[in-house]
Amino acid sequence: MVKKLAILAVLTGLFILYAINPEQFVFAPKCPFYWLTGLQCPACGTQRAIHQLLHLHVKEALGYNLFLLVSMPYLAALAWTEWFDRSGRFTRLKGWCRHPYVTRTYLVLLVVWWVGRNAVRYF
């Protein structure tokens, strides 16, 4: 039941992001990290990127949050193997997604993205 509600919530969120442009909607949630520090967090631009991606504007979506779009296949595989693979058919994929080297590499790339996207603003 919880998985069905989660899927419904994700689909509802995607519908809302398709219908409403976060740049033009004043009530779209703002990033508290950016508001407090003036620096972008790794997820900054995610709403706008997903909105553009849902409208098949890939170039614009890449401009808002490149790391999110590049990491989508990994995140989708991780979510699929964790939440929806009841039969255990994807054990090799699950093992790869959860392998310490893969998760550490992902976290290192996430930090590099976080630092890099803010450092570019100052150079």
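The following exercises, each with a worked solution, concern a predicted model of a single chain.

**Exercise 1. Overall architecture**

Determine how many helices and strands the chain has, and describe its extent and burial.

*Solution.*
Step 1. The secondary structure amounts to 7 helices and 0 strands. Read along the sequence, this gives the pattern α-α-α-α-α-α-α.
Step 2. Along the principal axes, the C-alpha atoms fill a box of roughly 45 × 35 × 25 Å.
Step 3. The chain has 123 residues, and buried residues make up 24% of them.
Step 4. Consider next the contacts between residues at least 6 apart in sequence: 51% of these join residues at least 24 apart.

**Exercise 2. The environment of Thr81**

Locate Thr81, classify it as buried or exposed, and identify what its side chain reaches.

*Solution.*
Step 1. Thr81 belongs to helix α5, which spans residues 66-84.
Step 2. The relative accessibility of Thr81 is 2%. The cut-off for a buried residue is under 20%, and Thr81 therefore counts as buried.
Step 3. The Thr81 side chain reaches the backbone oxygen of Leu78 at 3.1 Å. Thr81 and Leu78 can be set beside a general property of helices. An α-helix has 3.6 residues a turn, so residues three or four places apart point the same way.
Step 4. When neighbours within four places in sequence are left aside, the contacts of Thr81 are Phe90, Leu93 and Lys94.

**Exercise 3. The salt bridge**

Find which residues form the salt bridge of the structure, and state which parts of the chain the pair ties together.

*Solution.*
Step 1. A search of the whole structure yields 1 salt bridge.
Step 2. The partners are Glu82 and Arg98, whose closest N and O atoms are 3.1 Å apart.
Step 3. Glu82 lies in helix α5, whereas Arg98 lies in the loop between α6 (91-97) and α7 (100-119), so the pair ties together parts that are 16 residues apart in sequence.
Step 4. The accessibility of each partner completes the description. Glu82, at 34% relative accessibility, counts as partly exposed, while Arg98, at 51%, counts as exposed.

**Exercise 4. The two largest pockets**

For the largest pocket and the second largest pocket, state the volume, the residues closest to the centre and the classes of the lining residues.

*Solution.*
Step 1. The largest pocket has a volume of about 470 Å³. Its lining consists of 15 residues, of which Val10, Ala76, Ala79, Trp83 and Phe84 are the closest to the centre.
Step 2. The elements that give two or more residues to this lining are α1 (2-19) and α5.
Step 3. By class, the lining of the largest pocket holds 14 nonpolar, no polar and 1 charged residues.
Step 4. The second largest pocket contains about 370 Å³ of space. It is lined by 16 residues, with Pro29, Lys30, Cys31, Gly45 and Arg48 the closest to its centre.
Step 5. Here α2 (32-37) and α3 (46-54) are the elements that give two or more residues to the lining. Of the elements, α3 gives the most, with 3 residues.
Step 6. The lining of the second largest pocket divides into 9 nonpolar, 4 polar and 3 charged residues.

**Exercise 5. Helix α3 and its surroundings**

Identify the buried residues of α3 and the elements against which they pack; then examine Leu14 and Leu56.

*Solution.*
Step 1. The buried residues of α3 are Thr46, Ala49, Ile50, His51 and Gln52. These buried residues pack against α1, α4 (58-64) and α5.
Step 2. Leu14 is situated in helix α1. Not counting residues up to four places away in sequence, Leu14 touches Ile50 and Leu54.
Step 3. Leu14 and Ile50 are 36 residues apart along the chain, and their C-alpha atoms are separated by 8.1 Å.
Step 4. With 31% relative accessibility, Leu14 counts as partly exposed.
Step 5. Leu56 follows α3 and is placed in the loop between α3 and α4. The phi of Leu56 is near 65°, a positive value in a residue other than glycine.
Step 6. The relative accessible area of Leu56 is 72%. The cut-off for an exposed residue is over 50%, and Leu56 is therefore exposed.

Note on methods
Residues are numbered from 1 along each chain as its sequence is written. This is a predicted model: local features need pLDDT of at least 70, side-chain atom pairs count only at pLDDT 80 or more; totals for chains, interfaces and linings use all residues. Side-chain values use heavy atoms; hydrogens and water are left out. Helices (H or I, at least four residues) and strands (E, at least two) are DSSP runs, numbered from the N terminus. Buried means under 20% relative accessible area, exposed over 50%, partly exposed in between (1.4 Å probe, protein chains only). A polar contact is a pair of N or O atoms within 3.5 Å; within protein, one must be able to donate a hydrogen and the other to accept it, and residues adjacent in sequence count only if both atoms are side-chain atoms. Contact means heavy atoms within 4.5 Å. On a 1 Å grid over the protein atoms alone, a cavity is a set of points where a 1.4 Å probe fits but cannot get out, and a pocket is an open set with protein on both sides within 12 Å along at least five of seven lines; lining residues have an atom within 4 Å of a point. Grid points are joined across faces, edges and corners, and a volume is the space filled by probe spheres set on the points. Ala, Val, Leu, Ile, Met, Phe, Trp, Tyr, Cys and Pro count as nonpolar, Asp, Glu, Lys and Arg as charged, and the others, Gly among them, as polar. A salt bridge is a side-chain nitrogen of Lys or Arg within 4 Å of a carboxyl oxygen of Asp or Glu.
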